[in-house]
Amino acid sequence: MSLLDLAPVIPVVVIEDVETAVPLARALVAGGLPVIEVTLRTPVALDAIQAISDEVEGAVVGAGTIRTREDADAAVNAGAAFLVSPGTTPVLIDFLAETGIPFLPGAATASEVMALAERGITELKFFPAEAAGGLPYLKSLAGPLPDVRFCPTGGIKPATAPAYLALPNVGCVGGTWLTPADALATGDWARIEKLAAEAAALGA
Ligand SMILES: O=C(O)C(=O)C[C@H](O)[C@H](O)COP(=O)(O)O
C-alpha cells in the first residue's frame with residue numbers, strides 16, 4: 001500500500017528531547033495517526049527514530065528533512081521506514097532510490113513534478129504547500145499531470161486540511177500542528193492524542 005494512503009495526516013515532528021519520542025509517538029498512534037515523520041533538524045532526531053522504531057507498536061516512523069546521502073543512510077540505519085525531503089535534486093533522488101525504502105521527495109513546481117515523473121516517481125511531497133500556491137496550484141497540476149499524487153505539507157492547519165484531502169491528487173497532508181511545542185514541553189500526551197484523533201477523523 002502507498003505511503004499516501006496509510007493515514008489522512010502525517011504528523012511532522014521536531015523532537016528536541018529524545019525522552020519525549022516514545023510517549024509522543026504512542027499518543028499519535030493511539031489517536032489514529034500511525035505514520036510519523038521525524039525531521040532531521042535536531043541532534044536527537046536519529047535516536048528518536050530508533051526509539052520509536054524499536055518501542056512503539058503500530059508506528060510507521062520515517063525521517064524528514066533528508067538532504068544528503070549521509071542523512072538517508074543514517075535514517076535507514078536508525079530504523080526509518082520511509083524518507084521525506086523538502087525538495088529534490090538529481091543527486092538526492094539517486095540516494096533516496098538506492099536506500100530501497102519508500103520515499104516522498106519534495107516538489108513545488110510543474111517542472112519539478114515532471115522531472116520526477118520521468119523517473120517513474122509519482123508520489124510526492126508538495127512543499128511548501130501554502131506558500132507555493134496551495135489548493136489552486138494543486139488543482140491546476142491535476143489537469144495535465146493526473147497520475148501524480150501528493151502529500152501537501154507546509155502551512156496546513158486543521159481548518160484547511162479537509163479541502164486539500166478532497167482533491168483527487170492528494171492522498172494525505174502533513175503538518176506540525178499535531179505536536180505543539182508547549183504540549184511536548186509539558187508532556188501533555190492526552191492533548192496530542194486528541195489532536196491526532198481529530199485529524200484521523202478527517203479521513204473518515
Ligand atoms: O523539515 C522538513 O523536512 C520540511 O520539509 C518542513 C516541514 O514539512 C514543514 O516545516 C511543515 O511545517 P508546518 O508548516 O508547520 O506544518
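Biologist: I see that 45% of the 204 residues in the protein are buried. What makes a residue buried rather than exposed?

Modeller: Keep in mind that this is a predicted model. A residue is buried once 20 or more other C-beta atoms lie within 10 Å of its own, and exposed at 12 or fewer. Take Thr65: it has 20 C-beta neighbours inside 10 Å, so it counts as buried.

Biologist: And why is Asn77 called exposed?

Modeller: Asn77 has 11 C-beta neighbours inside 10 Å. The limit for exposed is 12 or fewer, so Asn77 counts as exposed. You'll find Asn77 in helix H3, residues 69-77. Its C-alpha atom is 8.4 Å from that of Gln50, with the two positions 27 residues apart along the chain.

Biologist: How about Pro90: why does that one count as exposed?

Modeller: Same kind of reasoning. Pro90 has 8 other C-beta atoms within 10 Å, and 12 or fewer means exposed, so Pro90 is exposed. Pro90 belongs to helix H4, residues 90-99. In space, C-alpha to C-alpha, Pro90 and Leu116 are 9.2 Å apart, while 26 residues separate them in sequence.

Biologist: Let's zoom out. What does the secondary structure come to?

Modeller: The protein has nine helices and nine strands.

Biologist: Then why is the protein said to be as compact as a globular protein of its length?

Modeller: Set the two values side by side. The radius of gyration is 16 Å, and the globule rule gives 17 Å for 204 residues; the two are close, so the protein is as compact as a globular protein of that length. Along its principal axes, the C-alpha trace spans about 45 × 35 × 30 Å. As for contacts between residues at least 6 apart in sequence, 62% join residues at least 24 apart.

Biologist: Now the strands. What makes E6 and E7 a pair?

Modeller: A pair needs at least two bridges. E6 and strand E7, residues 123-126, have two bridges, in the parallel sense, so they pass the cut-off and pair. In detail, Gly106 stands opposite Lys125 in E7, and Ala107 has Phe126 of E7 as its bridge partner.

Biologist: How do you know that E7 and E8 pair as well?

Modeller: Four bridges join these parallel strands, and at least two are needed, so E7 and E8 pair too. One link there is Leu124, whose bridge partner in E8 is Phe150.

Biologist: Why are E6 and E8 called edge strands?

Modeller: Three strands form an open sheet with parallel pairing, in the order E6-E7-E8. Strand E6 (106-107) and strand E8 (149-152) each pair on one side only, and that is what puts them at the edges.

Biologist: Which helices complete the β-α-β units here?

Modeller: Helix H5, residues 110-118, makes a right-handed β-α-β unit with E6 and E7. Helix H6, residues 134-142, makes another right-handed one with E7 and E8.

Biologist: What makes you say both faces of E8 are covered?

Modeller: Look at each side in turn. Arg149 and Cys151 are on one side, Phe150 and Pro152 on the other, and all of them are buried. In general, side chains of a regular strand alternate between the two faces of the sheet.

Biologist: Any odd spots in the backbone? What is the peptide bond from Phe127 to Pro128, cis or trans?

Modeller: That bond is cis, with omega near -5°. Pro128 sits in the loop between E7 and H6. Thr65 stands out too: its phi is positive, about 65°, although it is not a glycine. Thr65 is in the loop between strand E3 (60-64) and H3.

Biologist: Last one: which residues are closest to the ligand?

Modeller: Of the 14 residues that surround the ligand, the closest are Gly64, Thr65, Pro86, Gly175 and Thr176. By class, the shell has four nonpolar, nine polar and one charged residues.

Definitions and conventions. Residues numbered from 1 in each chain as written. Predicted model: local features only at pLDDT ≥ 70, side-chain atom pairs only at ≥ 80, totals over all residues. Near = placed C-beta within 6 Å. Nonpolar A, V, L, I, M, F, W, Y, C, P; charged D, E, K, R; others polar. Rg over C-alpha atoms; globule rule 2.2 N^0.38 Å. Contact = placed C-beta atoms within 7 Å. Right-handed = clockwise from strand over helix to strand, strands pointing away.
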